[in-house]
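Please open the model in your viewer and keep the sequence panel visible. The tour proceeds by selecting one residue at a time and then displaying its surroundings.

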Amino acid sequence: MQYLLSFIPLLVAIVAVVLAIVVVRVAVKMMWRVAEPNEALIISGFTRGSPAATDGMDFKIVTGKGAFVIPGLQTVRTLSLTLNETELHVNCVTSQGIQVVVEGVVIFKIGDSTPFIANAARRFLGQQPKMESQVYNVFEGHLRSIIGSMTVEEIIRERDKLASQVRSASGIEMEKLGLVVDSLQIKDLQDPTGYIQNLAKPHIAQVKMEARVAEATRNREASEKEAEAAALIADAQSLSAIKQSAAQANAERARANAAQAGPLADATARQQVVVQETQVAKLEADREEQKLQTTVRKPADARAYAQRTEAEAQKAADISAAEARARKTELEAQANATAAAATAGATRVTGEAEAAATTARGNASASAIKAKALAEADGIKARAEALGTNQEAVISQQLAENMPAIVGAAAEPFAHVGQLTVLNGGDGVNSMVGGILAQVGNYLPALTDSLRRGRNSRKAPEPPHA
């Protein structure tokens, strides 16, 4: 029993220590306050704040850490540092006097620095929902002021500039409230007067016109492409039809050529025979002409030339003799005239001498003319004899001489043809020329008979008489 009694003081001491620890822990838990990351603790009462932060007001700001708060002597309240949002719906008037309604949103919060938290604590501690109305009033005034200096076009094109100017203008007031603006967005711009809608109409009309033009252009291009495709199809079909027609024509031409091969070969052979016969006839005519020149014309011309030469020589001799006699008579007359005493007798003798000379010259000219006529008569007679002995040669010569004219007359119908199309190439040309020569060959026998009858009906010319 004594032994147990000896442990009682120890147990009392242990219980007292435990109770003290519990009491201290409970007291510490009751007095120790920790600030959350998104809040600030505002401790007022038995404390001293930072002069820079409190601006002469004794309260303490705790953020991100803990602090002892003595119950009954100090009061602690929290100030939220989270984001807040305020919708803007402001009726404004632009510099053009046009009424617009600006819709936007302001995202703001209490600043993280101690001065901002102190300013916010003075104004909104315990009344934080009022921050939204205060912010709306600040931004409403600045938004109306800035939009009043801008046009509708500038507001539409430069919304970022508008937001920046509003934030800059409200910065000082927001700092006094202990607030900072994280974001200011202009969401919409309403136009009760319809100015923006009318402003867009020309652009809308322009876009619609360009759209119609583009659509019409695409339709035209599509139509052109379709027309080109149709034209290509038509060309292909036409080319195919042409090739088919050409193939059919070639086949028909081949069949016609095959059918005409035999007659064409015969006609070609006849044509070659006619050509050869014509060449032979021409050579025969040339040979007969040369023979006639050698055996008839040249000897006759030689005899005629000899007779003309003799006649001219005789004429010259007779003239010389007559002139000599006339000169002699003249000299004798002059001598007689000198010897005679009378003038009348000399004149008579001189006249007789001149008459005699004139008579002598006339006789000489007549002799020359007679000799020339005799020579020409001999040439004609020789030709007549040649015609009588070799009439076929003369006829052949005349045919040969007139052959170009005969062939030209046969080809005369082709002279008035402007353009002549000949089939089968060289064979066609040979066939046409062969026809012309065959026609000439048909005329030759009749022409020869005509010349022969004409020659037989003529009489040989008689030599002219002196």
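**First stop: Thr-151**

Select Thr-151 together with Glu-154: a polar atom of the Thr-151 side chain lies 3.2 Å from the backbone nitrogen of Glu-154. Please bear in mind that the model is predicted. Thr-151 itself is found in the loop between α4 and α5 (152-157). Next, display Thr-94, Ser-95 and Gln-96, with which Thr-151 is in contact when its neighbours within four places in sequence are left aside.

**Second stop: Glu-132**

Proceed to helix α4, which spans residues 130-147, and select Glu-132 within this helix. Is Glu-132 buried, exposed or partly exposed? Its relative accessibility is 37%, a value between the 20% and 50% cut-offs, and Glu-132 therefore counts as partly exposed. Now add Glu-85, Thr-86 and Phe-108 to the selection; Glu-132 is in contact with these residues, its neighbours within four places in sequence being disregarded. A distance label between the C-alpha atoms of Glu-132 and Ile-107 should read 9.8 Å, the two residues being 25 residues apart along the chain.

**Third stop: Val-181**

Finally, select Val-181 in strand β8, which comprises residues 179-190. Val-181 has a relative accessible area of 16%; because buried means under 20%, Val-181 is classed as buried. Which residues does Val-181 touch, not counting those up to four places away in sequence? Display Val-106, Ile-107, Phe-108, Phe-139, Arg-167 and Met-174 to see them. For Val-106, 75 residues away along the chain, the C-alpha separation from Val-181 is 7.1 Å.

Notes. Residues numbered from 1 in each chain as written. Predicted model: local features only at pLDDT ≥ 70, side-chain atom pairs only at ≥ 80, totals over all residues. Heavy atoms only, no water. Helix = DSSP H or I, 4+ residues; strand = E, 2+ residues; numbered from the N terminus. Buried < 20%, exposed > 50% of the residue type's maximum accessible area, 1.4 Å probe, protein only. Contact = heavy atoms within 4.5 Å. Polar contact = N/O pair within 3.5 Å; in protein donor to acceptor, adjacent residues only side chain to side chain.
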